[in-house]
Structure formats: C-alpha cells, structure tokens
Amino acid sequence: MTAILETAGLTKRFGAVTAAEGLDVRIASGAVVGMIGPNGAGKTTFLNIVTGYLEPDRGSVRFRGREITGLGPRAIAALGIARSFQIPQLFGSLTALENMLVARRLASGAVRDFWRPLHDRALAEEALAALRRLGLDRLAHQTVGTLPEGARKLLDIALALVRRPGLLLLDEPTSGVSVKEKFALFDVLVGVLRADGVTAIFVEHDMEVVARYADEVLAFADGRVLARGAPADVLRDPAVRRLVVGTED
Amino acid sequence: MRGRLRALATAAGTLALLLAGAVLPAWALFLGTVALAKGLTILGLVFLMRAGLVSFGQGLYYALGAYAAGFLGEHLGVTDAFAVLGAGVVLAVLVAALVGVLMVQYREIFFAMLSLAFSMILYGVLVKTQTFGSTDGINVPPATFLGWAPAAGRLRVALYLLTVLAGAAAVAAARRYALSTLGSLAHAIRDNEIRVEYLGASVARAIYVKYLLAAGLAGLSGGLVALTVGHIDPEMAYWTTSGEFVFVALLGGTGNVLAPMLGSVVFEVARSYAYAYSPYTWQMLLGLLMLAVILFVPHGLGSLAERWSARRAR
C-alpha cells in the first residue's frame with residue numbers, strides 16, 4: 001500500500017529531554033493506526049511535529065510524497081492533515097452547530113466566505129448532517145461549555161473532519177471518557193473514517209481499544225519506536241508489555 | 001422575520017433621532033452629537049473586545065481623526081465636513097495599518113499596554129509640536145457641507161443629523177459584520193486561537209482587519225467630535241481618554257452593536273448631570289454608576305433588551 005505519511009530521522013529535544021529520537025515512521029494510506037506508549041514517550045510530540053505545531057530539530061516529514069517539514073498548522077491543514085486534541089479545542093461560548101458553521105466557512109479558505117453571514121440555511125443543514133454522522137445532532141443547539149466530555153471529544157473530531165482530511169491525527173480521543181462511552185465513541189468514529197477512506201493515527205492508553213480498532217500499532221518509548229506491526233503481535237512483544245502495557249508475563 | 005423587524009426598528013429609531021434634531025434644545029443637540037460620535041469609537045473597541053482584546057489606546061485614532069479635521073481647517077482652509085472626515089478616516093486606517101502589524105502579535109495585557117504606549121507617543125508628539133497647537137490645541141473652523149456654510153444654529157443641527165446618519169450607517173454595517181463569518185470569528189478567537197489556526201484561518205489576519213475597522217471608526221468619531229466642539233487638544237490622545245472609551249464599552253456591554261451607542265449616551269448624560277450637581281465628586285458618582293452596572297447588569301446596559309425579550313419568551 002502507498003504511504004500517506006513518512007517521517008525520516010525525526011528528532012526533537014526540549015533541553016535535556018529527548019521527546020523524539022530519529023523517528024522513521026511510515027503510515028499506509030487508508031490505515032487506522034494505534035499509537036501507544038507511556039507518558040513522555042513522544043507520542044504527542046510526534047503529532048505536534050506532523051501538524052506543524054512544533055518544528056523538529058532534525059529529520060523530515062513527507063505527506064503524500066510532499067515535504068512538509070517546518071510548515072505551520074494552517075498550511076498543513078490546507079494540505080489535508082487534521083487533528084483533534086487531548087483536551088478538546090472548541091469554541092466554548094458557541095453552540096455545537098455554530099462551532100461547525102465556523103469550521104465549514106473557514107474550510108473553503110475563500111476571502112469572500114469570511115464576509116458571508118455565518119448563519120445560512122444550506123450551510124446549517126450540511127453542518128447538522130455532519131453532526132448527525134457522529135450522533136451529535138441532538139446537542140447541536142447546546143453551548144459547547146455545557147456538553148459532556150464524550151460529546152466534546154466527538155465535536156473536536158467533527159471539526160477536524162470538516163476539511164475532509166486525508167490524514168486525521170487523534171490525540172487520546174477517549175481520555176476523560178467513561179469505559180462505556182469509549183467503545184461507543186470508537187464504533188462511531190471508525191465507521192466514519194472507514195466510510196470516508198480517511199487514514200488515522202490515534203494515541204490511546206486503553207489496550208483493549210487499540211486491539212479492537214487499530215489495523216496497525218506503533219509502540220513508543222523514550223522518543224523511539226519500540227515496536228510496530230499488527231496489534232496482536234505488538235501487544236505480545238515483551239518489551240512493549242514491560243514498558244507500555246505494564247505487565248511482564 | 002426577526003431580522004426584518006430589527007431593521008425596521010433601527011430605521012424607525014434613526015428617523016426618530018433625525019426628527020428630534022428639529023425640537024431638541026441646543027445643549028441636548030450638542031450632548032447627543034458628542035455622545036453618538038464617541039459611540040463610534042466604542043463600537044470599534046467592541047469589535048476588538050469581542051475577540052478578547054482590550055485596547056487602552058483608541059485615543060490614538062480618535063485624536064488622529066480630530067487632528068486631521070483641525071489641521072485641514074486651520075492650516076489648509078479645508079472645511080468641508082465630508083472631506084475632513086474622510087481624511088481623518090484614511091489617516092487613522094493608514095496609521096493602524098502600520099501599528100497593527102505589531103499589535104496583532106500581542107494579546108491580553110501586552111496588547112492593552114502596547115496600544116496605550118502608541119497613543120501616548122502621539123500625545124507626546126502633539127504636546128511638543130507648535131504646528132498642532134502644542135498643549136493649547138487648535139480651533140477647528142466651522143464646517144461646510146459641499147459648499148453650504150450654515151449659520152451657527154443650523155450648523156449644530158446639521159452636525160447632529162450627519163452624526164446620526166453616520167452612526168446609523170455604522171451600526172447597520174457593524175451588525176452585518178457581526179453576523180458574518182469574520183465577525184463571528186471574534187468569539188472563536190477569544191475562545192481558542194489554536195483551533196482557529198488548525199481550521200485553516202489566520203488569527204493574526206482576522207485581528208488585523210478588526211484593528212483597521214476599529215481605527216477607521218475612531219478616526220470618524222474624532223473628526224465628528226472635533227467639528228462639533230470646535231476645538232481639539234492633545235488630551236484626545238491621552239490614556240485617560242482611551243480609558244474612558246473602555247469604561248463606556250463596559251457600561252454599554254459588548255453583546256450587540258447598539259450597546260456602544262446606548263452606553264455612550266448614558267455616560268455623557270450622567271457625566272453632564274454629575275458635573276453640574278456635584279462638581280467636586282462627579283468622578284465618584286460615575287464610579288458608583290459603573291459599580292451598579294457591574295453588580296446588577298454585568299453584561300452592560302445593552303443586555304437589558306435581551307433580558308427583557310428572554311423574559312417575554314418565557
């Protein structure tokens with residue numbers, strides 16, 4: 001399968017702390033990849049570099065064969081990489097629908113769209129349909145600040161999906177979500193990703209979720225890739241069990 | 001339907017204000033003109049405040065608008081109201097285009113203090129420059145209107161009518177802007193700049209546009225006040241003037257585009273009466289007014305209408 005994302009020798013240090021050390025990662029187009037690792041392993045740093053929030057000290061990032069190292073978040077978003085955040089990054093004083101309307105208006109990037117009214121019937125219907133796909137339509141008119149955490153997480157993802165990205169990076173999409181909600185959230189999410197053919201990398205601490213939903217797993221430790229492959233193989237790896245899963249048997 | 005009703009109400013309000021020009025006494029015309037003119041600066045300030053940016057330096061653009069009118073009238077003999085007001089707006093926007101490049105990189109207290117610093121630079125220049133009248137300021141010649149030079153009484157009415165029309169046009173345009181994506185982006189920027197960037201929009205560019213609009217409105221406002229009062233001085237760029245604009249913005253609230261106008265009228269009336277009845281403690285009375293607004297109407301006087309309609313809906 002062709003690679004949608006490739007990194008070579010990606011290195012990032014924060015003072016004495018090495019958050020990424022020579023990362024060579026290749027993500028196949030259309031795959032749903034689980035990223036696991038203990039806290040401080042470099043998972044979020046990897047996502048931050050790929051999405052332009054951080055610049056690497058060394059190494060390169062290629063998306064669909066194009067060099068994107070050092071580009072800012074806006075330029076990278078325009079190329080087709082989107083992300084969600086560990087703490088949902090939403091517009092708290094607006095409703096869920098208004099969040100989507102803002103996202104959809106900005107998605108075109110056309111200056112004239114900036115001067116158009118935000119509230120437009122056709123646009124609102126599109127936004128509602130997008131919310132419905134993630135089961136959020138009944139909360140559309142609720143202010144985001146009052147939404148439950150699971151809904152906030154899904155809305156964060158819905159915003160990221162507005163631009164129809166080729167690659168979606170999800171930073172701990174189930175953190176703060178109850179065990180019961182976790183699987184429901186992933187059922188919906190992976191259904192949408194597969195239907196739209198979106199490649200995704202999700203950072204996750206729950207190994208059951210990883211085993212169930214990932215096509216491939218990348219295990220990180222100390223800023224390096226510890227193991228990669230099919231979920232069953234990686235989760236059986238002794239080093240992964242010791243450093244990531246936390247069991248030794 | 002609601003939008004049409006609102007437009008009708010605004011048109012009716014504007015017409016009522018225009019007609020009031022024929023019956024209001026001279027002092028009320030003067031007060032109303034100054035209040036509505038200053039309301040334009042506050043309207044621009046509200047654009048910025050909605051994005052979480054408090055400018056303590058709108059006096060810079062207010063004074064530029066006023067000095068454009070004063071300089072053109074006093075030194076070049078240009079007295080046409082439309083020409084001097086246009087020049088004030090252009091000058092304010094041009095300066096904002098330069099200053100704004102730096103301003104958009106700062107947020108919170110740094111934005112507030114930097115804006116204050118720029119206005120104080122202009123204050124320093126005005127105080128030290130004889131051409132601009134130094135600390136005495138300069139007199140602004142009576143305005144003419146496309147060749148028509150009204151006598152004093154008619155001039156007052158003409159300036160009032162011009163200010164009402166400018167205010168109505170600005171409020172209508174501001175409402176359209178507030179409902180646009182760019183206008184709505186103010187809330188998004190205040191809530192979460194990171195998400196705005198990841199959605200593909202430039203926060204800096206959006207703030208820059210808001211900054212230019214606010215400067216243009218302040219320039220127009222300063223020009224109208226200069227023509228109405230007939231005298232300008234460096235105090236217009238002083239930080240207390242900018243602080244007063246912030247005070248009035250909080251008094252009126254940032255919830256709707258009429259609030260700055262309402263806040264400005266209430267403030268000018270309250271100040272005039274406070275000064276007339278208690279000349280030594282008028283600032284304290286204004287402070288008490290602000291305290292009462294913060295305690296009982298925390299979203300400003302402009303939110304009273306929304307509260308009332310929400311209560312009716314229940």
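How many helices and strands does chain B have? Select chain B of this predicted model and display it as a cartoon: 13 helices and 2 strands appear.

**Chain B as a whole**

Switch to the C-alpha trace of chain B, which spans about 55 × 45 × 40 Å along its principal axes. A compact globule of 314 residues would have a radius of gyration near 20 Å, and the 19 Å of chain B agrees with this. Buried residues account for 50% of the 314 residues in chain B. Among contacts in chain B with a separation of 6 or more, 80% join residues 24 or more positions apart.

Next, show the surface of chain B. The accessible area is about 14400 Å², and carbon and sulfur atoms contribute 69% of it. Then colour the charged residues: chain B carries 20 positive and 12 negative charges, and the mean positions of the two sets lie 15 Å apart.

**Strand β3 of chain A**

Now select residues 32–36 of chain A, which form strand β3. Because 5 of the 5 residues of β3(A) are buried, the strand is largely enclosed by the rest of the structure. Display the side chains. In a regular strand, these alternate between the two faces of the sheet. Here Val32(A), Gly34(A) and Ile36(A) point one way, while Val33(A) and Met35(A) point the other way.

**The partners of β3(A)**

Add residues 199–203 of chain A, strand β8, which pairs with β3(A) in the parallel sense over 4 bridges. Within β8(A), Ala200(A) is the bridge partner of Val32(A). Finally, add residues 216–221 of chain A, strand β9; this strand runs parallel to β3(A) and is joined to it by 4 bridges. In β9(A), Glu216(A) stands opposite Val33(A).

How values were computed. Residues are numbered from 1 along each chain as its sequence is written. Chains are lettered from A and ligands numbered from 1 in the order in which they are written. This is a predicted model: local features need pLDDT of at least 70, side-chain atom pairs count only at pLDDT 80 or more; totals for chains, interfaces and linings use all residues. Side-chain values use heavy atoms; hydrogens and water are left out. The radius of gyration is taken over C-alpha atoms; the globule rule is 2.2 Å times the number of residues to the power 0.38. Buried means under 20% relative accessible area, exposed over 50%, partly exposed in between (1.4 Å probe, protein chains only). Contact means heavy atoms within 4.5 Å. Accessible areas come from the Shrake-Rupley method with a 1.4 Å probe; for residues, only the protein chains shown count as cover. Lys and Arg count as positive and Asp and Glu as negative; His and the chain ends are not counted. The place of a charge is taken as NZ of Lys, CZ of Arg, CG of Asp or CD of Glu. Two strands pair if DSSP finds at least two bridges between them.
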